[in-house]
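Trainee: I would like to go through this structure slowly and ask about the reasons behind the words used for it.
Mentor: Then let us look at the structure together and take one term at a time.

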Amino acid sequence: MTTIPLRFINDHLFFELPDGLFLVDTGAPQTLGPGETLTLAGVTVPLQRTFLGATVEAIRGFVGVPFTGLVGQDLLLQLDIVFDLPRQQATVAALPTLHVRGEPVELRGPGFPQVPVDIDGQRHQFLLDTGAQLSFFQLDEVPGRFEPAGTVVDFFPGFGSFEVDTFKVPVTIGGVTETLRFGRLPFPLDQLLGLTGTGGIVGAELLVGRQVGFFPLRHELVVGPRDDNAARAD
């Protein structure tokens, strides 16, 4: 079990590692950065140089944070992690020993992690993308039903930046309800999302103000109450 300083800067999530800040991105298939390998909690993966043709330098320009690398699915899905932004720390383990108080929901895989999300009493399957500053939906009827939350400039590697209108949408995951900012992806990104068979994307905003247990080793996600107790291990 390893404890890592956790930072939330410019609406993005970072591990503070000895080599610098690493963007935590469950939506990226591979880990990027300088050097040959990255090791967390005894698990080692090779470091790549690009994600969908985008380098760390290019992604850094969109994020607006001078980070060193990116931690992707190849490493994150081999670990159980408690994200604890109130305490600015993440607890990482290579065995299923971590716990967060709350109701677990199924974390589907392999590849891009998926979780069940309830909106207005309707159950949807959404992708979980900690590298996204916003959440996104494919549901045509949603924007007209919720309060506008302003316009945001976002980006996607290999596509570039785009401007999106956002809305305040209450979502429920595992018995916890939180209002998140949702937008609609531009074409062709929206078309790509549709090919996943899911209804949308849940971004890093879900992790703010609470503990969240990201447990791919046991195929669970646990969204804790706000200001929950610190992570513990068996």
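**Loops, peptide bonds and exposure**

Mentor: Pro 110 lies in the loop between β12 (104-106) and β13 (114-119), and please keep in mind that this is a predicted model.

Trainee: What kind of peptide bond joins Gly 109 and Pro 110?

Mentor: The bond is cis, with omega at about 0°. A cis bond with omega near 10° also leads from Phe 187 to Pro 188, and Pro 188 is placed in the loop between β18 (176-183) and α3 (189-195).

Trainee: Why point these bonds out, and why mention the sign of phi?

Mentor: They are pointed out because most peptide bonds are trans, and most residues other than glycine have a negative phi. Asn 10, in the loop between β1 (2-9) and β2, has a positive phi near 50°, and Asp 120, in the loop between β13 and β14 (122-128), has a positive phi near 55°.

Trainee: Why is Asn 10 called partly exposed?

Mentor: Its relative accessibility is 44%, and partly exposed covers what falls between under 20%, which is buried, and over 50%, which is exposed; therefore Asn 10 counts as partly exposed.

Trainee: How do you know whether Phe 14 is buried or exposed?

Mentor: Phe 14, in strand β2 (residues 12-17), has 0% relative accessibility, and buried means under 20%, so Phe 14 counts as buried. Among the residues that Phe 14 touches are Leu 23, Val 63 and Phe 67.

Notes:
Residues numbered from 1 in each chain as written. Predicted model: local features only at pLDDT ≥ 70, side-chain atom pairs only at ≥ 80, totals over all residues. Heavy atoms only, no water. Helix = DSSP H or I, 4+ residues; strand = E, 2+ residues; numbered from the N terminus. Buried < 20%, exposed > 50% of the residue type's maximum accessible area, 1.4 Å probe, protein only. Contact = heavy atoms within 4.5 Å. Lists of a residue's contacts leave out its neighbours within four places in sequence.
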